[in-house]
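Let's take a walk through this one together, a stop at a time. Have a look at the picture first, and then we'll get into the details.

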Amino acid sequence: METIYSTVKPTQYNIEETRIDSCLLDTDALTVVQKLKESGFTAYFVGGCIRDLLRGITPKDFDVSTSARPDQIKHVFGRQCLLIGRRFPLAHVRFGHKAIEVATFRAGEPDEANLIVRDNRWGSEEEDVLRRDFTINGLFYDPSTETLIDYVGGLEDLKANLLRSIGPAKVRFRQDPVRMLRLLKFRARYGFSIDGEAEEATLSMQRDIHKSSPARILEEILRMLESGASAPFFQLMGEYGFLSLLFPSLTHFLAKPEGREVFRYLACLDQVQKRKSGFLPDRSTAIACLLFPLLEKTLQIDWIAKGKTPHLGEVIFTISSLIQHTLLEAFSHFPRRLTAETSSILVNQYRLTPLSGKKFHKERLFQHRDFSAALQFLKIRALVQEDLVETYLALKQQYQHFLQHGKRSHARRH
């Protein structure tokens with residue numbers, strides 16, 4: 001089938017036009033591209049790293065696209081290369097604890113208005129670009145010639161801070177509805193405006209999101225909770241109708257005045273993530289930010305307003321019920337490890353700042369494997385509620401002292 005893009009020719013931009021700073025390039029990623037090219041293959045940087053480079057930001061990671069098939073990549077790098085995935089393998093070229101992901105060019109059907117259930121055909125570099133989602137993600141960079149290769153007008157859209165789909169938006173979103181969440185993700189992270197066609201498609205096709213794999217949807221959401229832009233992302237999900245489809249119970253709470261507290265927690269989470277210093281919140285800590293305001297309100301309604309103080313066992317039951325109705329109603333296969341860790345973080349908040357005022361056994365709590373995450377969440381709580389700052393700082397100091405001295409004394413006693 002011949003596509004409407006079959007005659008597209010790329011525009012190439014040199015280093016003077018792109019102003020990409022070579023000092024921002026990763027030396028290991030450069031080695032991967034160089035070795036593939038020396039072996040006779042085409043190889044480029046692709047994806048998010050190019051967006052960052054063009055904006056003068058050091059990329060978090062570098063991805064490589066190449067004409068080499070997985071077995072050929074393995075031949076070039078030998079034991080240094082690990083192939084992952086069975087149906088459509090990717091290569092991870094390892095440099096110590098770091099891995100550079102290398103993918104073979106793939107082909108798609110840009111005009112086929114059906115849900116993509118298979119995406120496993122090798123293709124050319126042009127076909128690989130045209131199967132991608134947005135123009136700002138359709139750029140290649142060849143570091144050996146310092147050339148940017150643009151088939152879809154991505155550079156001009158990036159300069160204009162514009163999010164535009166590659167091809168008709170309704171067709172591309174019907175092929176893969178998760179692209180609509182990715183659209184909101186880029187809007188939240190970069191503040192870009194959305195092309196009118198893409199916006200109209202998103203507003204009219206929200207319910208198609210249920211056609212996508214719940215695992216893929218959840219992964220996009222979890223990544224955004226770690227991105228430093230979770231608050232604007234969840235606000236956009238609410239505005240475009242996705243929040244009510246994916247988290248109906250949470251959406252009901254957010255519609256109330258006290259629901260604004262969730263966004264305060266997410267904003268503080270983003271603040272901690274952006275600092276990129278010390279212990280960074282993990283996914284379970286981020287999920288706790290979504291649930292804690294709802295938990296506080298539930299306890300207040302069920303117990304405190306009645307003049308009763310819940311026992312810890314009753315708090316645990318409330319947390320379990322909350323996770324069941326808020327997370328598992330939409331994602332029945334929500335990872336058990338994440339729900340267990342989130343539950344532990346929330347339970348420990350009522351040991352750190354007990355409702356009953358009873359003292360807890362600090363050393364025993366400090367030994368708990370999830371305590372550092374619970375302390376990190378208390379830090380976020382202290383950013384939201386200033387009266388907790390003193391408690392957080394005191395516990396942090398005591399925990400650091402325990403790590404330095406307490407473990408040794410505990411080991412001697414046992």
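Does Cys23 count as buried or exposed? Cys23 counts as exposed, because its relative accessibility is 69%. Keep in mind as we go that what you're looking at is a predicted model. Now compare Cys81: at 0% relative accessibility, Cys81 counts as buried.

Cysteines naturally raise the matter of disulfides. The count here comes to zero. For Cys23, the closest cysteine sulfur belongs to Cys49, and at 16 Å that is too far for a bond, given that a disulfide needs the two sulfurs within 2.5 Å. Cys81 isn't in a disulfide either, as its nearest cysteine sulfur, again that of Cys49, sits 18 Å away.

Let's step back for the overall view. The chain has 414 residues, and 50% of them count as buried. It holds 20 helices and twelve strands. Taken along the principal axes, the C-alpha atoms fill a box of roughly 75 × 55 × 40 Å. If you look at contacts with a separation of 6 or more, 70% of them come from residues 24 or more positions apart.

Next, the inside. In soluble globular proteins, nonpolar side chains tend to be buried together. Here the largest nonpolar core has 104 residues, and the members that touch the most others are Leu36, Phe45, Phe234 and Leu266. Helix H15, which runs over residues 283–302, gives the most to this core, with ten residues. There is also a second, separate core of twelve residues, including Leu365, Phe371, Leu375 and Tyr399. Back in the largest core, try picking out Leu36: leaving aside residues up to four places away in sequence, its contacts include Phe41, Val64, Ile73, Phe77 and Val102.

Two names from that second core, Phe371 and Leu375, are also among the buried residues of helix H19. How many of the 14 residues of H19 are buried? Eleven are, so this helix is largely enclosed by the rest of the structure. Besides those two, the buried ones include Ala373, Gln376, Arg381 and Val384. The length of H19, residues 371–384, works out nicely too: at 1.5 Å a residue it should span 20 Å, and its end C-alpha atoms are 20 Å apart, which agrees.

Now for some strands. S3 (residues 63–66) and S6 (residues 98–104) pair in the parallel sense over four bridges. One of the matches to look for is Asp63, whose bridge partner in S6 is Glu101. S6 also pairs with S5 (residues 90–95), this time in the antiparallel sense and over five bridges. There, Arg94 has Ala99 as its bridge partner in S6. S5 and S6 form a hairpin with two residues between them, and Gly96 in the turn has a positive phi of about 65°.

That brings us to backbone angles. Most residues other than glycine have a negative phi. Arg19 is not a glycine, yet its phi is positive, at about 60°. You'll find Arg19 in the loop between helix H1 (15–18) and helix H2 (27–38). Arg19 counts as exposed, because its relative accessibility is 72%. Glu146 is another residue other than glycine with a positive phi, near 55°. Its place is in the loop between strand S9 (139–142) and S10. With a relative accessible area of 32%, Glu146 is partly exposed.

From that loop, move on to Thr147, which lies in strand S10 (residues 147–150). Is Thr147 buried or exposed? It counts as buried, because its relative accessibility is 13%, under the 20% cut-off. Not counting residues up to four places away in sequence, Thr147 touches Gln12, Tyr13, Phe140, Tyr141 and Asp142. Its side chain also makes a polar contact of 2.9 Å with that of Thr145. For a sense of distance, find Ile345, which is 198 residues from Thr147 along the chain: the C-alpha atoms of the two are separated by 48 Å.

Terms used:
Residues numbered from 1 in each chain as written. Predicted model: local features only at pLDDT ≥ 70, side-chain atom pairs only at ≥ 80, totals over all residues. Heavy atoms only, no water. Buried < 20%, exposed > 50% of the residue type's maximum accessible area, 1.4 Å probe, protein only. Contact = heavy atoms within 4.5 Å. Polar contact = N/O pair within 3.5 Å; in protein donor to acceptor, adjacent residues only side chain to side chain. Expected span 1.5 Å × (residues − 1). Core = buried A, V, L, I, M, F, W, Y, C linked by side-chain atoms within 4.5 Å. Pairing = 2+ DSSP bridges.
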